[in-house]
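Hi,

Here's the structure I promised to pass along. Have a look at it first, and my notes follow underneath.

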Amino acid sequence: MARRPHIAVRMSFEERTLTVRLADIQPLKLVSEEIKRSAKYRQIAASIAEIGLVEPPVVARSRDASGKFLLLDGHLRLEVLKDSGLVEIDCLVSTEDEAFTYNKRVNRIAIIQEHRMILKAIEKGVSEARIAKALNVDVASIRRRRKLLDGICAEAVELLKEKHLTLNTFSELRKLAPIRQIEAAELMIAMNNFSNSYVRSLVVATPRGQLAAGYTPRQPKGLSDEQVALMERESASLAREFKVAEQTYGTDHLDLVLAVGYVSKLLRNGKVVGYLAKHFQELLFEFQRITESESTAA
C-alpha cells in the first residue's frame with residue numbers, strides 16, 4: 001500500500017512564552033476611560049490583584065519594527081497591568097498577526113463551564129470568599145453559581161454546556177420536570193434564543209403534569225385559565241411541528257437549493273425570460289423573487 005505523503009503542520013504559536021516589555025506592545029484598539037469603569041474591567045483587575053494573571057496576553061511579532069509586538073488578545077489585561085505599574089509580562093507569541101483570525105477561534109467561557117471551574121477550585125481548598133474577590137462578585141453570587149445545576153437533569157446540562165445563559169435561566173428550568181427540561185433545551189437551541197424571558201414563556205406554556213414536583217405555578221397576570229390552557233396546547237403543538245420539520249429539514253433544504261439553482265439557470269436564458277414575460281408574467285415574478293430571496297439569505 002502506498003504511503004501517504006507527510007503533511008507539515010505549522011504551529012499557530014511559538015513553543016515558549018516570551019517575556020515582553022509592556023512598552024514594546026502595540027495595542028490594536030484603545031481602552032477608553034468608559035471601559036475602565038465597566039464591571040468587566042473591574043472584574044479583571046480584581047482577579048489579577050487576587051490570584052495574578054491566569055491567561056497571558058497574545059501578541060505577534062511586528063513586521064515593521066524589530067523587537068516590537070502587536071497585541072492580538074488581552075487588551076483589558078494589558079491595561080490593568082500598566083495601571084499596576086508592571087514593566088514586563090510573559091506573552092503567548094502567535095505566528096499570525098491577524099487579530100480577526102485569532103479572536104474568531106476563541107470560545108469565551110460558558111456559565112456551566114464556569115460552574116465546573118468553581119467546583120474544582122473549591123475542591124482544591126479555595127474559599128468561596130477568595131473566588132468571589134477574584135471575580136469581583138459577592139459571595140452569594142458564587143454560591144448560586146456553585147449550585148447552578150442542582151435540579152437540572154444531565155441530558156439538559158449536556159445540551160446547554162457550551163451555551164451562554166444567565167443564572168435566572170436555570171432557576172426557570174428547575175420548575176420543569178426532567179423530560180420537559182430536555183424539550184426546553186432543544187427548543188432554545190433550535191430557536192437560538194437563550195433569553196430568560198423565552199424560558200419563562202416555556203414554563204408558563206408547560207402543562208402541570210410536566211412541571212417539577214413541588215412547584216406550584218402562579219397564575220400569570222392578565223391571563224385567564226382558558227388562555228393559559230390555550231398557550232399550553234399551542235406550545236405542545238409547536239414542539240411537535242418543530243420535531244417533524246427538524247427531521248425533514250436537511251432533505252427539504254437540499255431540494256430547495258437544487259430547485260433554485262435550476263430556476264436561476266432558466267432565468268439566465270434570454271429566450272425563456274422573454275417567453276415568460278409575454279405569457280406568464282406572474283410566474284416570472286415569483287421565479288425572480290425566489291432566486292433573489294435565496295441569494296440574499298446565502
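Of the 298 residues in this protein, 30% count as buried. Keep in mind that this is a predicted model. The exposed surface comes to about 20,300 Å², with carbon and sulfur atoms supplying 54% of it. As for the fold, the protein has 14 helices and 5 strands. If you take the contacts between residues at least 6 apart in sequence, 72% of them join residues at least 24 apart.

Now the sheet. It's an open one with mixed pairing, built from 5 strands in the order β1-β5-β3-β4-β2. β1 (18–21) and β2 (25–27) sit at the edges with a single partner strand each, so one side of each has no neighbour in the sheet. On average, neighbouring strands here are turned by 55° against each other, direction ignored.

At the β2 edge, the pairing with β4 (residues 69–73) is parallel and runs over 3 bridges. If you want a spot to zoom in on, P27 stands opposite L71 in β4. Helix α3 (residues 75–83) lies across β2, β4 and β5 (88–94), and it runs at about 120° to β4.

One side chain I'd click on is K36, which belongs to helix α1 (residues 33–36). What does the K36 side chain join through a polar contact of 3.3 Å? That would be the side chain of E79. Leaving aside residues up to four places away in sequence, K36 touches V31, Y41, R42, E79 and D83.

Cheers

Definitions and conventions:
Residues are numbered from 1 along each chain as its sequence is written. This is a predicted model: local features need pLDDT of at least 70, side-chain atom pairs count only at pLDDT 80 or more; totals for chains, interfaces and linings use all residues. Side-chain values use heavy atoms; hydrogens and water are left out. Two strands pair if DSSP finds at least two bridges between them. Helices (H or I, at least four residues) and strands (E, at least two) are DSSP runs, numbered from the N terminus. Axes are lines fitted to C-alpha atoms, for helices over the stretch in contact, and angles run from 0 to 180 degrees between N-to-C directions. Contact means heavy atoms within 4.5 Å. A polar contact is a pair of N or O atoms within 3.5 Å; within protein, one must be able to donate a hydrogen and the other to accept it, and residues adjacent in sequence count only if both atoms are side-chain atoms. Buried means under 20% relative accessible area, exposed over 50%, partly exposed in between (1.4 Å probe, protein chains only). Accessible areas come from the Shrake-Rupley method with a 1.4 Å probe; for residues, only the protein chains shown count as cover.
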